[in-house]
Each structure stands twice: as structure tokens, then as C-alpha cells.
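Welcome, and please open your viewer with a cartoon representation to begin. We will go from stop to stop, and at each one you get a selection to make and a note on what is there.

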Amino acid sequence: MAIEVGAILEGKVSGITKFGAFIDLPESKTGMVHISEVAPTFITEISDYVKVGQTVKVKVLAVNDGKISLSMKQALPKDQQRKPQKQKQQRSSNRQPYKPAPPVTSPGDYEWQSSRKASPSSFEDMMSRFKQTSEDKISDLKRGESRGYSRRGNGNGRR
């Protein structure tokens, strides 16, 4: 039988790598089955599914520049090509249901300071609190300058 796309062939496993298995085909050709095309389930170790010297059925997926891409799972009967439903149900029963985070209604919902005092009740209270924190910050800066530290990084830490 000629090696053409869609053909189902029998071949012998001639080599195994981390990413797939090499299959000796008729007409002295060799093709490769990628690890994702070995079985209908996710596999991490290809050697758990095939052994060197084993005869396997493969489907030809592509023939490009002498390279033959093969699939073992697509060569299976249609009823075996999909994961059994029991496995899916078992996995989903172990998962926690998705629970979205509560919506943020405004940027003010985030607590910017760890020790937040009661929010001011009027504009005047907010303004006086702002002035007080500003004066505290300015006095801290002035104390730093009087010790010889500069606000601008000129390299030596002094003015």
C-alpha cells in the first residue's frame, strides 16, 4: 500500500524519544508519531504506551519533504478516540466551583493605609487632614536635608 495522507498502516516502533516514537513503515520508510498523537489521553511518558519492537497501527497525517507525520490515536476505532466520559466526570467532581471575586465599586474601596481612621465627615475635615500630612512630610524632608541628605540623587548623598 502506498504511503499517502489518510492511509492506515501497520508499522514497528524503531525508536522512542521524549517527544514521540519513530515507526518503521512499509517501503523502507520511517515516520514519527508525536507524543500528543499516541493516545486519546494526556501522557507524560511515551514508554508507558509503546515499546521498541512493538507493532502498531498508525494513520498518515502528513507527508512533507520526505518526513511522515503519523497518529496512533487517529488510527483507533472512532469510539476509542475520545476520552471516556467517566474520567471527565471524576476530574470535574474534584474541582471547586468557580467563584468570581467581589466587584470593586470604586478605587476608594481599597485601604491604602493599614491604620485607617474614621473617614472625615466634611470637606473641611478632609482638607485639614491633608494639610497635616503634607506638613509632616515636608518637615521630614527638611530634617533629612539638614542631616546632609539630598532629595535629588547626585551620587554622593550630599549637596
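Along the sequence, the protein chain reads β-β-β-β-β-α-α, with five strands and two helices in total. Helices (H or I, at least four residues) and strands (E, at least two) are DSSP runs, numbered from the N terminus. This is a predicted model, in which local features need pLDDT of at least 70 and side-chain atom pairs count only at pLDDT 80 or more, while totals for chains, interfaces and linings use all residues. Residues are numbered from 1 along each chain as its sequence is written, and side-chain values use heavy atoms, with hydrogens and water left out.

**Stop 1: colour by confidence**

Colour the chain by pLDDT, the predictor's confidence in each residue, from 0 to 100. The mean over the protein chain is 77, and 67% of its residues reach 70 or more. Where is confidence lowest, and where is it highest? The low end is helix α1 (residues 85–94), with a mean of 52, and the high end is strand β2 (residues 20–25), at 92.

**Stop 2: strands β1, β2 and β3**

Select residues 8–16, which form strand β1, together with β2: the two run antiparallel and are joined by four bridges. Strands count as paired here if DSSP finds at least two bridges between them. Three residues make the hairpin connection from β1 to β2. For one bridge in detail, pick glycine 15, whose partner in β2 is phenylalanine 22.

Now add β3 (29–34). Strands β2 and β3 are antiparallel as well, with six bridges. Aspartate 24 stands opposite threonine 30 in β3. As you look along the strands, keep in mind that side chains in a regular strand alternate between the two faces of the sheet.

**Stop 3: the turn between β2 and β3**

Zoom in on the hairpin that links β2 and β3 through three residues. Which residues here have a positive phi although they are not glycine? Glutamate 27 does, at about 65 degrees, and serine 28 does too, at about 55 degrees. For context, most residues other than glycine have a negative phi. Serine 28 is exposed, at 78% relative accessible area. The classes are buried for under 20% relative accessible area, exposed for over 50%, and partly exposed in between (1.4 Å probe, protein chains only).

**Stop 4: leucine 25**

Stay on strand β2 and select leucine 25. Is it buried or exposed? Leucine 25 counts as buried because its relative accessible area is 8%. Show its contacts, meaning heavy atoms within 4.5 Å. Setting aside residues up to four places away in sequence, leucine 25 touches Ile3, Leu9, Gly11, Thr30, Gly31, Val58, Ile68 and Leu70. You can also draw a C-alpha to C-alpha distance from leucine 25 to lysine 12: they are 13 residues apart in sequence and 7.0 Å apart in space.

**Stop 5: alanine 39**

Move to the loop between β3 and β4 (55–64) and pick alanine 39. Alanine 39 is buried, with a relative accessible area of 6%. Beyond its neighbours within four places in sequence, alanine 39 is in contact with Tyr49 and Lys73. Serine 71 is 32 residues away from alanine 39 in sequence, with 8.8 Å between their C-alpha atoms.

**Stop 6: helix α2**

Select residues 123–146, which make up helix α2. What joins aspartate 140 and arginine 143? Their side chains meet in a salt bridge, at 2.7 Å, N to O. The term means a side-chain nitrogen of Lys or Arg within 4 Å of a carboxyl oxygen of Asp or Glu, and the structure holds one. These two residues are separated by about one helical turn because they are three residues apart in helix α2. Aspartate 140 is partly exposed, at 44% relative accessible area, and arginine 143 is also partly exposed at 44%.

Next, show Phe123, Met126, Met127 and Phe130 as a surface: they make a nonpolar patch of about 440 Å². Patches are built from residues with over 30% relative accessible area and no salt bridge, joining like charges within 9 Å and nonpolar side chains (Val, Leu, Ile, Met, Phe, Trp, Tyr) within 5 Å. Phenylalanine 130 is exposed, with a relative accessible area of 52%.

**Stop 7: the whole chain**

Finally, zoom out and show the full surface. The protein chain exposes about 13,000 Å², of which carbon and sulfur atoms supply 52%; areas come from the Shrake-Rupley method with a 1.4 Å probe, and for residues, only the protein chains shown count as cover. Buried residues make up 18% of the 159 residues.
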